[in-house]
Structure formats: C-alpha cells, structure tokens
Amino acid sequence: MDLGGINPVILIATLMASAVPILLAALGETVVERAGVLNLGVEGMMIFGALGGFIVAVHSGSPVLGFIGGAVCGALLSLIFAALTQVFLANQVATGLALTLFGLGVSSLGGQGYNGIKPPPTGKLFPQALTDLPVVGPIVFGHDWVVYFSIAMTAVLWWVLKSTRVGLIIRAVGESHEAAHALGYKVNRIRLACIAFGGAMAGMGGAYVSLARVPQWVDGITAGAGWIALAIVVFASWKPWRVLIGAYLFGGITVLQLNLQVAGSAIPVEYLSMAPYLITILVLVIMSAGRKASGAPAALGQNFHASR
Amino acid sequence: MLRLEKRPTPSRFWLYATPPAAVILTMVAGGILFAAMGKNPFEVIRTIFWDPVFGEFAFYLRGQLLVKAGPLILIAIGLALGFRAGIWNIGAEGQYIMGAIFGASVGLAVFPTESRWIFPVMVVAGAFGGWVWAMIPAILKTRFNTNEILVSLMLVYVAQTILAKASTGFLKNPEGMGFPGSRNFSSYPAAKNAFLYEPLGLHWGGVAALVTAVLAYILLTRHQAGFQIRLAGQAPRAARFHGVNPARLVVLCMGISGALAGLAGLFEVTGPAGQISIDFNTGYGFTAIIVAFLGRLNPLGIVLAGFLMALTYVGGEMAATQLGLPAAAIQVFQGMLLFFLLAVDVLTNYRFRLAVGAH
Amino acid sequence: MTRPELLRVEGITKAYPGVVANSDVSFSIGEGEIHALLGENGAGKSTMVKMIYGLVRPDSGTMTLRGAAYTPSKPAEARRLGVAMVFQHFSLFEALNVAENVALGMENPPPMRELAARIRAVSEEYGLPLDPSRMVGDLSAGERQRVEIIRCLLQDPKLLIMDEPTSVLTPQEVEILFRTLRQLSSEGTAILYISHKLEEIRSLCDEATILRRGKVVATCTPRERTAREMAELMVGQALKTPERRMGAKGEVALGVSDLSVESPIPFGTSLKGVSFTVARGEVLGIAGVAGNGQDELLLALSGELKAAPDKVRVAGQPVGDRGPVERRKAGLVAAPEDRYGHAAAPDMSLVENAFLTAGVRKGLTQNGFVDWAGTRRFAEEIIAAYDVRTPGPDVAARALSGGNLQKFLMGRELMQGAQVIVINQPTWGVDAAAAASIRQSILDRAGEGAAVVVISQDLDELLEVSDSFAVLNEGRLTRPRPTEGLTMDEIGLMMGGAHGMEVAHHVA
C-alpha cells in the first residue's frame, strides 16, 4: 500500500518519532506561556540540551542519563533567562533572543571535538515480536521510550493544567499577576519554576535530536526546531493536546518532505526544504486570522514587580 | 535582604553607564571563560580589544573595523526603530540576504555593460529586496495579526534556501568551472562597491550607515514620526489615543528595517564579500540585534556599539589565528555581552535597596 | 458598645521612600462590630488594611487578634487566622470561572464540584446569587464583588475587610450589600469598612476611625455626627462647593446618533445605539456602574474607535469615521480614565505628554517636526494654571502622584480651547481639594461656552456638575434628563437596579 513511493504506516511511525523534539519543547513552552512568560530562547535551550545530552550519553554510555543530562542543561540555561526576567526585570523578548544567540554559541564552542562520534543507541521499548505486527507494530509498539514519554507528558500536562491546584495557580499567574499577588501567591517564584520546567523539556527535546534523530553531534543541529515549537504553541492555543496535534502535523510534513527528496520528486530539493517553514507561516496566519481573543494568557510577556 | 525599588524618574546616569558596565562585566566573565579554555585571559582580551586599534597590524585592521561595523550599524538602526515601537523584526538576516540577491541579480543581469547608473540601480534593488522580505511579516501582522517574530524568523530559513539555490543555480557564475557562487563583483567595475578611502575601510556602505544614524537620530528626537515610534513602544494605548495608526506604524518600521538590512546586504555582496555564495552572510542580521540593544536603541549609541562589536569580530579573528581561540568563543562572548547589558539595565529604572524588616 | 475586643492595632507606622503612609495608628475593633476606616485618597487607609491582611509588614507597632500577638507574614496566614479581605481592584481572574476564582483565594479548597455546591449554598444564604460555572470576565462589577465576598465567607472569617466596596455598585446593589453586611455582623463577624462616603458610613457603621495623612485624627460614632463634621475631620478644612455661572445654552456642539461599536477590550461591553446631544455651555453627566461601556464610549468619542461618519458630529461636521487627530482639529478633546498608559505615557516627560494630545490644536508641529520649545511652554502653562506639584516639566509622568498627574492631564485637555470636551472619571483617585478644583475648571469651561460630557461612577460628582443626566447600562444610554429634580431611586432604576438579581432570593 504505497502511495507514490511512500508507505503510510512507515510515515506515521516516523512522524511520531520526528515530532518528539518539537513536541517536548512546545509542551514545556506551553507551561511557561501559561504562567505569563514568553521565552523566545527555546532554540538556544534545545541546542544546549542537545549538546549536553550528547556529551553525557557518550561519556556515560547511557542514553537515559543523556536525556536527563539534556534536561538539566536546558533547565540550567533557562535559569539565566529566569534570573534576567524575574529578578532583573529585563525585557522578555530581548532576553529570549539573547538566550538563543548565547545557546547557539556555547554549544558550538562546547561541541568541538564531538563531531563524528556515535552516541549509544536508544533502543525500542517493546520486543521484536510486537514490533513486527502489521500496521500496529510500527505505529504502536515500534518506538523508543521517549516517544511514549512525550505522549504521556501531553496527557499529564493536560491534566495538571486543567484539573489540579498547581495548574490553576499557574493559569492564574498567567492571567493576572496583580490579582495573584494580592491573594498572596509568589508570582516570580512560580514563574521561575515554570521557566525551569520549560528549559528542561526543551533540553530533553534537543537531546532527542542528537541522540536519536540524527544521531550525532553537528553544529547548529536543531536547525530552527525551537522556533517551530514556539509557533506550535500559538497554533495550539496553549492547549497540550493541540500541541501534540500540531507537532505531529509538522513532523508529518518534515518526514514527507524528506521522503519526497529521497524518492527523487519533481519538486526541486530547495523548495521542499523550505516547505516546513512556509507551512509554519501559513498555519500561523490561519490560526491568528479573524480571532480577536486568541486564548493567549492575558499577562503573556509582561514582567511583574510588586511595588507596594 | 536586597530589594528592587522603582525609581520615580529613569536614571540619566545609568542610562549612559550601563553599556560600559556591561562591557566590563563581559570582559571579566569572558576572561574566566578563556582561562577555562586554557588561554591567557589578558592576552586574549588584549588581542580582541587593543591590538586591532593600536597593535602591530592596526594599519590594516582599523580599516576592517568600519567594514564590519557598517552593515551592523545599518541593520541595527532599522531594528532599533522597530524595537522602540514594540515591533520585533528579528529576521534581518533574511532581509539582508534577499537585499543582496535582488541587488546582485540586477548587476549580474546587465553584465558586462558599463554605466555609472548600474550601481545606484543595484542599491535601490537591494533596498527593495530587503523591504519586500520585511513586508511579508508586516502585512501578515496587520492583516491577520500574525506574530511578526516567528514569521520574520521563519523567512530567514527560507531566504537561506533561496541563497543556496542562487549560488548553485540561477546566479551561478557560468565561467566558474562548476564551483558554486556568482561572478565576482571585484572584476566588474560598474557594479563594484569600491573603497572610497581604503585606510579607513570606507565604502558606500559605511557612508550609508553614518548618514542613516544621523537621520534616524533626528527622526527620533525631533520628528513627530519618531515621537510616535517611541510612544507606541512605551504605551501602545496612549499611542492610539494620540492618533497613531498601529498598522501603518508596523509597515513603516518593518519597511525601514527591511530596506536598511537589504542595503547592508547589497553593499556587502558587492564589496567585502565580492560575490553571492552560499555563506557570504556571516550572521550580521543576528549580531545587529545585540548592537541595537548595546546602543540603547539610540542611533548614535548604535554607531559606538557597532564599532565595539566590529572590534570583537576583527579581534576575534586575530585571536583565532594567533592564539587558536575558536570562532564560536566570540559568539559566546557577544551573547554574554547582551546578557550583562540586559541585567544591568535594571538600574536605569530601578534601584536596589537594603530592606530592613520588610519582605 | 461593650463587645469583646477582636483586633487591636497599636502605634503602627509604615514608611515608603518619600512618603509616610501610616504614622502611629491605633484603633480597635470588637467582635461583630462594623468599623469604618475613613479618609481621603492617600490618607493611608489601603496601606493600613494591607498590613492587617499580611500583604505589607509594618515598620513598627503591634497588632493583637483576640489578645494574641498578630503578625501575619502573608495573606495565607491572615486567612488562616480568620481575616479575609474584599479588594477594590486586582484580585479576580477574568478568564477563569467563579469557582476557580474562589478556589484560588482558599487555603485548602474542596474538589471543584463540592466547592460549586458550597458557593451556591452560601450565595443563597446571604442573598448574593451567583453561578459558580460562569466566567468572571462576563460578570458585572457588582457580581464580581459578590465573587470576592463569597470567597471570603466560605472561610468563616472573624474579620472581613472591605476596601471601598460601593464604588462599583448601583444604589439598589448597595442596599443589598448592606443587608448582607448587617446579617454578618449580627452573626458575630466583625467588618472593617473602608470608605470616603460619609452617608454610607453613617447608615452602616458602629464606630469610625478617621485618618488624615497617615495619622488618626479622630475616632467617633458615626450616627452621632453629621456628615459635614466628619468631612471636615477627614479633609482638615472647610470645602467649598463649586459655583456655576449659568450661561445660556447654545447650539448643539456634539451630536451622537445611534452609535453602535464592538468593544475592542477583552470582556468589554459593546455600545448599542447610543444617542445624545450636548449644547454649548451644557454639561452632560453620564453615570453607570464600571464596565457598562464607559471606556468604549470614550474610545468612540475620542476617535480611537471609528464608526460611520454621521454617527458622531462635532459642530454639525460628521467625524464618526475620523481618528483622534482629525477630531481634535474639529474641536473635540477627550480625557480617558486610565492615567498610566492611556491618557499619559508614564515613562515620558510631562513635556512629551503635553505634546501627546495638544500637538494638533496648539500648532506644535511644523512640517512634521515637533516644536519642543513651544511644547515645553505649554506644559509650563498647565503646571502653573492647575497648580501641578512637580519639580519641573521634564520629570517622567509616573513620578507625579495620581492627583497631580490628573490635574496636569485635565489642564492639558481643558486648556486647548476646544468646544467639545469629553472626560471619563475626572477625579478618580484624587484628593478632595484637587477634585473640587478640577470640577470647578470643568464648570468654568462650560461657562465659557464649551459642551462637556463627564462620564463618572461618582453620582455625587455628576449631580454636582451636570445640567443633564443619563446612564450607561450594558452599553445602552438612557435618554438624558435634566439633573434638577432627580431622586436617588430614579437614578438607581436608570442604572438597571440590581444586576443579576433575577434569581429569587430571600431579601429581594
């Protein structure tokens, strides 16, 4: 059942894996933005996590430690953003951009000497017998643990944001920091925790690029995935399940585009490789057109200073 | 415990003192970084900040400063106008590339005709290319309320793909023996952006940068449009009350910054770079963001910041060849500079107080 | 009154840089007592209650609650000890529903379903109907206040602090609130009632502590004093009511007909078929509870919101489709309510803020270039004429106190010689003396032949300055009526009576 040289089962299975980095990063950023903070440094945190995870995995030989390392690195980098915006009240847009520029520089510097090394492989979670089943095999059972983790995180965040007190407080802080402060909530501390969580998720997403997707260390390895994650948060109207849909759509386009390139499509390679970015723009346009209230948290991007 | 307290009126002192303070802090932190990499921090700092101006090769390197500072200043001024108005064009790199491609295409299309009109037309085409590329996010924002940050950034990746296609395809040198890259403008006098005064590294791009800085300064301080730009950034609702049309302001600011980035691209490709190639752009469009903030979004400050940033480029190359400092270290250094600037910036509007008893 | 003492405040002092908010304040509240904290804007009432609620810590002084030392370090602690507070502003989340808002103000909220049931029960019991699943952004100001009150009541407070609770209510809603408060008091809950409205205090409160410039100037039993006596204690001087020179009404200067516009504000109120005219020399007062379309009406008149050309006419000239600049040219100036960020740019200097609206009518631009020297002269004129206390015209607007900035902004609009003047909340957050002088200048401008529209939530103010009176209710404007002879009851009915009281309850 091939469609123009592309097997739909393989396509779905691959897109689930290829969507993991942007899914994790976008889920993290969703929480950050729900708390009213706009961190444009996702790309920087991802690539820093990609490098950190890669180094930890190579030296420890354990991909699991690698993912944890990636998350820790992403969180550490995000703390710079948190300190600047929550303590020094720096402009969030400028600080986010700085974080990306800095992250790209640091990982390029730190990654020297790691080119061409293979990281320890991240294996599939289920035994071969299950993976070999037709259709459900590759789609349901054919993945490594991070793919399942990313789906589980979607469900967990949906539940936390919707039905728990922690989620309610996060949403409250993102809606009106003045009101939250008046009720006695520590706005900046809550935001700081959310930023660190977002950093960890982005770092882990980055680690998936260098440990599972590529898998090796290349300069500039994330290639704009962080920015696409930011776009997906807008696309998803700050809702976890829609983030998953957005990431899978985007993953699907990327995989399709690569498959077409390999299959020697009539469309020139250059146009195929700009497709993901053009489609992201198109989706942003469709999502923002004609809507007055986008569902964005009301305090998004504003700093809070308790004056009195 | 230290506590932040908002100043009733912004501090004039810190407004001017924060950039030097950030530079000093960056030198300290950068020195620690270089030391950690096994280099002598004092030697590296001297190589980057002192040698290009006063060292052995200064006669050549001084000229390089303006060559690098020119495009940075040109782009940063455009960005600063937008940033002041709360319009975040961060895709200058793409506009820079498109300006170069548009301008170069005009020149290459008429090769090898000689006329003194060719270069001016290319300049206009370059500005137009950058303007067009910036109009995409501008119009999407005004028509559909699409986030200009994400769109302008996505368009950088698209521009890079077009650049790859240009240098290996439609602008490829037919006499280039199969190597990627366009004809070199250095051997095409009518389209060449030659040095006007080589010891200072002054070419038309440098002239444009300095003239633009003065014009932008006048615009911001004396002209109503400049007032509206500042007002829209500080208090968007007050701007609407004043009578600013937000959509028109977006188109104006994005248009200016796109055209200036396009100009920078054109001057670069016809001058120092010499040809369209897959990597003729060296990230000026992103570095210019740092320059804009370092210059306090003030055109005259940006001129100083542009030279400082050029110093880190020129000095960084020196440090790379002489001391084996990786090029990426300079990128980290530049990133740190922006961090420190954003951090010390708090002192302009706030002061730290020792809080006694209070929380 | 011989009630057991609940809260005692002794010698509390709190200073901020440049201001002493409270100095040696002492008073005490008995169980079940309704105690008024009375004072002008800036007298230190808000700082005082924030200390009782644990949001701010005093520099010195002590508090005791039922005899035990009381030093709440955060609101949660205050709530745990039985102190609850209903805020004037800033403590509700528009995009969350009623139950979620209530839960956020509680220490250990029960599961949502149970909480919703308890909200219903309490709102029944106290005659404050409320649907727990509604989005707060869609509620009227009075209903929002109920959310806050119920949030407090669910925690069985011993002391309920209410900060200016009636400023957002219609006269009928005030009655309902007072019934609820009396019921609470009879059940033993003490109430600390902050206000500057004297008649309310006389009808509701058992005791009153009067603050002036951060100090206690008197303690009294309100029922035994006249409003005038208390006013003089509060202000420290005899106030003169503005005088009006009755000019003959001239021809119509501002005509609005069937104006409907969508609100650009999230959870805002759209205008629906608003019509009125104002003649030269006339002051039209527009009353209404906050959030009934006041901001939208100002935007639609200033030109920030556009409509069809003939919906708004200035001196017969259609300007409905024109922006603020053209409307100023045509002779209409407007002053929005929000000083920080709408009427003024807080971080810009007074000179720049003067240019913000006066550039057009004062001819302060030439070929697009700003005449900063001329603008500075105008700013200095305003500062002199309106007695604005500022070190000079170059300080940032945010450095001025609310009252001084308001005087500056009023001067900016009133000194442009416009024939139509629209003002939203002219004296919001301004002390009594400044408020009186602002009202006087409004009347003076009308006396000189300007047509003035004053939108305000302060009924006393409107009755004082306006010749004709109308009410905005849910985006609709009632037909303007002459102010003379209107009774409070009639005004209340024009304001829509009590909002959201359709649900039957025991007091109605």
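In the predicted model, chain C contains an open sheet of six strands, arranged in the order E6-E7-E8-E3-E9-E10 with mixed pairing. Its edges are formed by strand E6 (83-86) and strand E10 (215-220) of chain C, each of which pairs on one side only. Between neighbouring strands of this sheet, the average turn is 20 degrees, direction ignored. Within the sheet, strand E3 (residues 34-38) and strand E8 (residues 190-195) of chain C run parallel and are joined by five bridges; C:Leu37 is placed opposite C:Ile194 of E8(C).

Helices pack against this six-stranded sheet. Helix H5 (residues 141-153) of chain C touches E6 and strand E7 (159-163) of chain C, and its direction makes about 175 degrees with that of E6(C). Helix H8 (residues 227-235) of chain C, in turn, lies across E3, strand E9 (207-212) and E10 of chain C, running at about 35 degrees to E9(C).

A further open sheet in chain C consists of four strands in the order E2-E1-E4-E5, and here the pairing is antiparallel. Strand E2 (19-30) and strand E5 (68-69) of chain C are the edge strands, each pairing on one side only. Two bridges connect strand E4 (residues 60-65) of chain C with E5(C) in the antiparallel sense, and C:Leu65 has C:Ala68 in E5(C) as its bridge partner. Helix H1 (residues 45-52) of chain C lies across strand E1 (5-16), E2 and E4 of chain C, at about 60 degrees to E2(C).

Methods. Residues numbered from 1 in each chain as written. Chains lettered and ligands numbered in written order. Predicted model: local features only at pLDDT ≥ 70, side-chain atom pairs only at ≥ 80, totals over all residues. Pairing = 2+ DSSP bridges. Contact = placed C-beta atoms within 7 Å. Axes fitted to C-alpha atoms, helices over the stretch in contact; angles between N-to-C directions.
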